[in-house]
Amino acid sequence: MKRVEEISKLKLTPGDDVCVIEEFLPGAGAYEHKGLVKSAVVGTPKLDLNLRVVYVTPLSKKPSMPEAGSLVYGVVVLVKDEYAVVKIVCDAKGTRYSTPFTGVIHITQVSDKYVKSLYELLGLGDVVKAKVLNDSIPYNLTIKEARLGIVATSCRVCGGKLVKTGEGLKCSECGTVDKRRVSSEYGHIKCVI
Ligand SMILES: [Zn+2]
């Protein structure tokens, strides 16, 4: 079994020796050359001890990350007067990132109008569609454009469904009026999170 352990630990690049053909036959990601099993890809070996075959599993591609100019969806996890923190969960197509990223919406990136505090405009747990402004963590986000902003939320008082009205949002359960900064697509797109 010592050999199995040795082989399993290999970090392979194309052309690297994996083992000799008497030990394992080459499976996907491997090939034979002059009695040696070699790797065809950058990856790690996976052994099938029953079939005596070695596969080389390619290293997964670089995990996708938000980039400047792209649209993302996230959940508001903190609201302060001047900024809100968003847990970025997925990209514009709804494809989840392997790990969530931290985004920040500054008070100047919410509306073209003067904003005194973000408390009225964003709530904990709101799902926002936002545009990424930079290429590093924490990501700075903007929801200034009409199509950006909250795409899913609920009443602060009763948790009921908020419906868009002329002046803003109104709770369909208790009638509370809400001034949150919703996207122009609010009510028209399905929540992706
Ligand atoms: Zn309500």
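In this predicted model, Lys170 stands opposite Val177 of strand E15. The two strands involved, E14 (residues 169-171) and E15, pair in the antiparallel sense over two bridges. They belong to an open sheet of three strands, ordered E13-E14-E15 with antiparallel pairing. Strand E13 (162-164) and strand E15 (177-178) are the edge strands, each pairing on one side only. As background, strands of a sheet pair through backbone hydrogen bonds, either parallel or antiparallel.

Stepping back to the whole chain, the secondary structure comes to one helix and 15 strands. With a radius of gyration of 26 Å, well over the 16 Å that the globule rule gives for 193 residues, the protein is more spread out than a compact globule. Along the principal axes, its C-alpha atoms fill a box of roughly 75 × 35 × 25 Å. Of the 193 residues, 26% count as buried. Among contacts with a separation of 6 or more, 50% come from residues 24 or more positions apart.

The domain assignment gives domain 1 (2-58) and domain 2 (71-178), and their centres, taken over C-alpha atoms, are separated by 49 Å.

Now for the nonpolar interior. The largest nonpolar core has 26 residues, and those with the most contacts inside it include Ala84, Val86, Ile105 and Val128. Several strands each supply at least two residues of this core, and here they are:

| Strand | Residues |
|---|---|
| E7 | 71-79 |
| E8 | 83-91 |
| E10 | 127-132 |
| E11 | 139-142 |
| E12 | 149-152 |

E7 gives the most to this core, with four residues. Which residues does Ile105 touch, leaving aside its neighbours within four places in sequence? Ile105 is in contact with Tyr83, Ala84, Val86, Val110, Ala130, Leu141 and Ile143. There is also a second, separate core of nine residues, with Leu12, Cys19, Phe24 and Val54 among them.

A last stop is Leu51, found in the loop between strand E5 (43-48) and strand E6 (53-58). Is Leu51 buried or exposed? Leu51 is exposed, because it has 10 other C-beta atoms within 10 Å, and a residue with 12 or fewer counts as exposed. Leu51 and Asp81 are 30 residues apart along the chain, and their C-alpha atoms are separated by 63 Å.

Note on methods. Residues numbered from 1 in each chain as written. Predicted model: local features only at pLDDT ≥ 70, side-chain atom pairs only at ≥ 80, totals over all residues. Core = buried A, V, L, I, M, F, W, Y, C linked by C-beta atoms within 7 Å. Buried ≥ 20, exposed ≤ 12 C-beta atoms within 10 Å, placed from the backbone. Contact = placed C-beta atoms within 7 Å. Rg over C-alpha atoms; globule rule 2.2 N^0.38 Å. Domains from an automatic or database assignment. Pairing = 2+ DSSP bridges.
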